[in-house]
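Biologist: Please give me a close look at the charged side-chain pairs. I am in my first year, so define each term when it comes up.

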Amino acid sequence: MNNSEGFEGIRCGTTIMAVEYDGGVVLAADSRTTTGRNVVNSNTDKLSRITDRIYSGRCGSASQSEQLLEFVTDNVNFHNLAYPDSMTVHMVATMFANKIYEKRQINQVGVIVAGWDKEHGGQVYNITSAGLMLRQRAAASGSGANSIRGLLMSRHTKNMPLNEAMELVKICTEVAISFDPFSGGHVKIAVINKDGLVMRRTIPISDTMFQLSSNMLWNLEFDACK
């Protein structure tokens, strides 16, 4: 996540992702916040509660995404006063998408909405900075996403068991952090099903992943000169 409005190179300096599993969804994110080229917070929480069973992951401009989150959360809470526990994952994702689309000319925000409802079970919606909303079984966004989309999509399977889904998002976040200088910190994971938020963890990055990326960059830079 990026606090700098004018630094074009790191508009989406972060890694967020979510996958469906057999019974719910797993969300994951790195924890680094940058402003320009500087790290200002290495332990940011980018996974935010909307309702007990619906969460979001945000990337891009920190200030814009906070305003967006506040707008959607206020509207969801107002809706729930009249119609308790009636919000679906699709309805929340649509709120995000509509608001992002309204300001698409100046937007530097991407959002993943994931959760569980009685109508469709576990769902993941990926919303771009232009307001395009896509339902995907596995989604990734942010500057680190380009490094891991292929890995995430190829490894994810329909009705994946929870333990495999958690391992997949952990590995993908570690790979993204290893190859994207604007992602970093720790891996934060949240698991949501019909009972709401059933697990939330912060996992240190594996040294193996850093060694892998270091070796690959060394080979690209120096072995080519032999």
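Modeller: The charged pairs come next, followed by the surroundings and the confidence of the model.

This is a predicted model, in which local features need a pLDDT of at least 70 and side-chain atom pairs count only at pLDDT 80 or more, while totals for chains, interfaces and linings use all residues. Residues are numbered from 1 along each chain as its sequence is written, and side-chain values use heavy atoms, with hydrogens and water left out.

Side chains of opposite charge can pair when their charged atoms come close. A salt bridge here is a side-chain nitrogen of Lys or Arg within 4 Å of a carboxyl oxygen of Asp or Glu. The structure has 9 salt bridges.

One of these joins the side chains of Arg-53 and Asp-85, with 3.2 Å from N to O. The pair connects distant parts of the chain, 32 residues apart: Arg-53 is in the loop between strand 5 (47-51) and strand 6 (54-60), and Asp-85 is in the loop between helix 1 (62-82) and helix 2 (89-102). Helices (H or I, at least four residues) and strands (E, at least two) are DSSP runs, numbered from the N terminus.

How open to the surroundings are the two partners? Buried means under 20% relative accessible area, exposed means over 50%, and partly exposed lies in between (1.4 Å probe, protein chains only). Arg-53 has 24% and is therefore partly exposed, whereas Asp-85 counts as exposed because its relative accessibility is 53%. The backbone of Asp-85 also deserves a remark. Most residues other than glycine have a negative phi. The phi of Asp-85 is positive, near 55 degrees, and Asp-85 is not a glycine.

Asn-159 is another such case, with a positive phi of about 60 degrees although it is not a glycine. Asn-159 lies in the loop between helix 3 (149-155) and helix 4. At 51% relative accessibility, Asn-159 is classed as exposed.

Back to the charged pairs. Asp-52 and Arg-49 form a salt bridge through their side chains, at 2.7 Å from N to O. Arg-49 is partly exposed because its relative accessibility is 43%. Glu-66 and Arg-58 form another, at 3.5 Å from N to O. Within that pair, Glu-66 is partly exposed at 40%, but Arg-58 is buried at 2%.

The nonpolar side gives the contrast. A nonpolar core is a set of buried Ala, Val, Leu, Ile, Met, Phe, Trp, Tyr and Cys residues joined through side-chain atoms within 4.5 Å. The largest has 24 residues, and those touching the most other members are Met-17, Val-19, Val-26, Ile-148, Leu-152, Val-169 and Ile-189. Strand 1 (16-21), strand 2 (24-29), strand 10 (138-141), helix 4 (162-179) and strand 11 (187-193) each give two or more residues to this core. Helix 4 gives the most, with 8 residues. Another core of 18 residues lies apart from it, and its members include Ile-50, Val-76, Ala-93 and Ile-127.

Last comes confidence. pLDDT is the predictor's confidence in each residue, from 0 to 100. The chain has a mean pLDDT of 84, with 80% of its residues at 70 or more. Among the elements of the chain, strand 8 (residues 121-127) has the highest mean pLDDT (98), and helix 5 (residues 207-222) the lowest (48). Over residues 216-226 the pLDDT is below 50. Where pLDDT is low, the predicted coordinates should not be read in detail.

Key:
Contact = heavy atoms within 4.5 Å.
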